[in-house]
Amino acid sequence: MRRTISVVLALSLAGSLGAQAPPPADQRQDTTLNLSAYAELLRSDVRTLKVAIITEVMGFTEAEDRAFWPVYREYDLDMSRLTDERMRLIRDYAAEYGTLTDPGAASLASRALDLETRRNALTASCYERVKTALSPRTALRFLQVEHQLQLLIDLQIAAALPVAPAGKDAR
């Protein structure tokens, strides 16, 4: 039962997935606004669903619950700061999409990779804290659930973003 509820919640989190074609030039402004609104909506809905899924899948005892949630709340606060940066990156990408240059693409890619590195470091730090507060096995279970949820979120965001346009010299 616990697994079924988690799968249903996770699937509702994922929503409908599918690649999108680049927007026409006259829709660039709308795209920027839509992506910003989408990111804000995704962020607010995800927090509630993540807590419900983690609670359901982990099945903490009262003592585990008291040890885990303060660690998670701190992690979630730090992750929300990274999410703010990611939303700025998405807005910048949408704004530059129609006029993207090679230096602009390199800058966006560098920022995205740096953000991903910091996100992984934060998750690793949270894993260590959960492992210390509870147990390695419980920390691994949390790491798996968190990773699966992040993959769903990442896939949903990626599906909403058009692939970078090819350059004039592209083959």
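This briefing walks through the helices, rings and core of one protein. The model is predicted. The protein has 5 helices and 0 strands. From the N terminus on, its elements run α-α-α-α-α. Of its 171 residues, 33% are buried.

**Overall picture**

- Consider the contacts with a separation of 6 or more in sequence: 81% of them join residues 24 or more positions apart.
- The protein exposes about 10400 Å². Carbon and sulfur atoms supply 58% of that area.

**Helix H4**

- Helix H4 covers residues 102–133, which makes 32 residues.
- How far apart are the end C-alpha atoms of H4? They are 46 Å apart. At 1.5 Å a residue, the helix should span 46 Å, so the model agrees with the expected span.
- At the start of H4, a side-chain oxygen of Thr101 reaches to within 3.1 Å of the backbone nitrogen of Gly104.
- Gly104 is one of the buried residues of H4. The others are Leu108, Leu115, Arg119, Leu122, Thr123, Cys126, Tyr127 and Val130.
- An α-helix has 3.6 residues a turn, so residues three or four places apart point the same way.
- Which helices do the buried residues of H4 pack against? They pack against helix H3 (62–96) and helix H5 (136–160).

**Aromatic rings**

- The structure holds 10 aromatic pairs.
- Phe60 and Trp69 form one such pair, and it is edge-to-face. The centres are 6.4 Å apart, with 90° between the planes. Both Phe60 and Trp69 are buried.
- Tyr75 and Phe142 form another pair. Their ring centres are 6.1 Å apart and their planes are at 85°, so this pair is edge-to-face. The cut-off for that label is an angle over 60 degrees.
- Why does the pair of Tyr75 and Phe142 tie together parts that are 67 residues apart in sequence? Tyr75 lies in helix H3, whereas Phe142 lies in helix H5.
- Are Tyr75 and Phe142 buried or exposed? Both are buried.
- Ring pairs link Phe60, Phe68, Trp69, Tyr72, Tyr75 and Phe142 into a cluster.
- Not counting residues up to four places away in sequence, Tyr75 touches Leu122, Thr123, Cys126, Phe142 and Glu146. Of these, Leu122, Thr123 and Cys126 are among the buried residues of H4.

**The largest nonpolar core**

- The largest nonpolar core has 24 residues.
- Which of them touch the most other members? They are Ile54, Phe68, Tyr72, Tyr75, Val130 and Phe142.
- Helix H2 (28–58), H3, H4 and H5 each supply at least two residues of this core.
- H3 gives the largest share, with 9 residues.
- Phe68, Tyr72, Tyr75 and Phe142 also belong to the ring cluster.

**Buried polar and charged side chains**

- Lys50 is found in helix H2. Its relative accessible area is 4%, so Lys50 is buried. The cut-off for buried is under 20%.
- Leaving aside neighbours within four places in sequence, Lys50 is in contact with Tyr72, Glu146, Leu149, Gln150 and Ile153.
- Gln150 lies in helix H5. At 11% relative accessibility, Gln150 counts as buried too.
- Which residues does Gln150 touch, not counting those up to four places away in sequence? They are Lys50 and Arg119.
- The side chains of Gln150 and Arg119 make a polar contact (3.0 Å). Arg119 is a buried residue of H4.

**Two more places on H3**

- Arg86 lies in helix H3. Its C-alpha atom is separated by 7.7 Å from that of Ala112, although the two residues are 26 residues apart along the chain.
- Leaving aside neighbours within four places in sequence, Arg86 is in contact with Leu115, Arg119, Asp154 and Ile157. Leu115 and Arg119 are among the buried residues of H4.
- Ala94 is also in helix H3. Is Ala94 buried or exposed? At 5% relative accessibility, Ala94 counts as buried.
- Ala94 and Ala164 are 70 residues apart along the chain, and their C-alpha atoms are separated by 9.8 Å.

Technical notes:
Residues are numbered from 1 along each chain as its sequence is written. This is a predicted model: local features need pLDDT of at least 70, side-chain atom pairs count only at pLDDT 80 or more; totals for chains, interfaces and linings use all residues. Side-chain values use heavy atoms; hydrogens and water are left out. Helices (H or I, at least four residues) and strands (E, at least two) are DSSP runs, numbered from the N terminus. The expected span of a helix is 1.5 Å times one less than its number of residues. Buried means under 20% relative accessible area, exposed over 50%, partly exposed in between (1.4 Å probe, protein chains only). Contact means heavy atoms within 4.5 Å. A polar contact is a pair of N or O atoms within 3.5 Å; within protein, one must be able to donate a hydrogen and the other to accept it, and residues adjacent in sequence count only if both atoms are side-chain atoms. Rings of Phe, Tyr and Trp (its six-membered ring) pair if their centres lie within 6.5 Å; planes under 30 degrees apart count as stacked, over 60 as edge-to-face and the rest as tilted. A nonpolar core is a set of buried Ala, Val, Leu, Ile, Met, Phe, Trp, Tyr and Cys residues joined through side-chain atoms within 4.5 Å. Accessible areas come from the Shrake-Rupley method with a 1.4 Å probe; for residues, only the protein chains shown count as cover.
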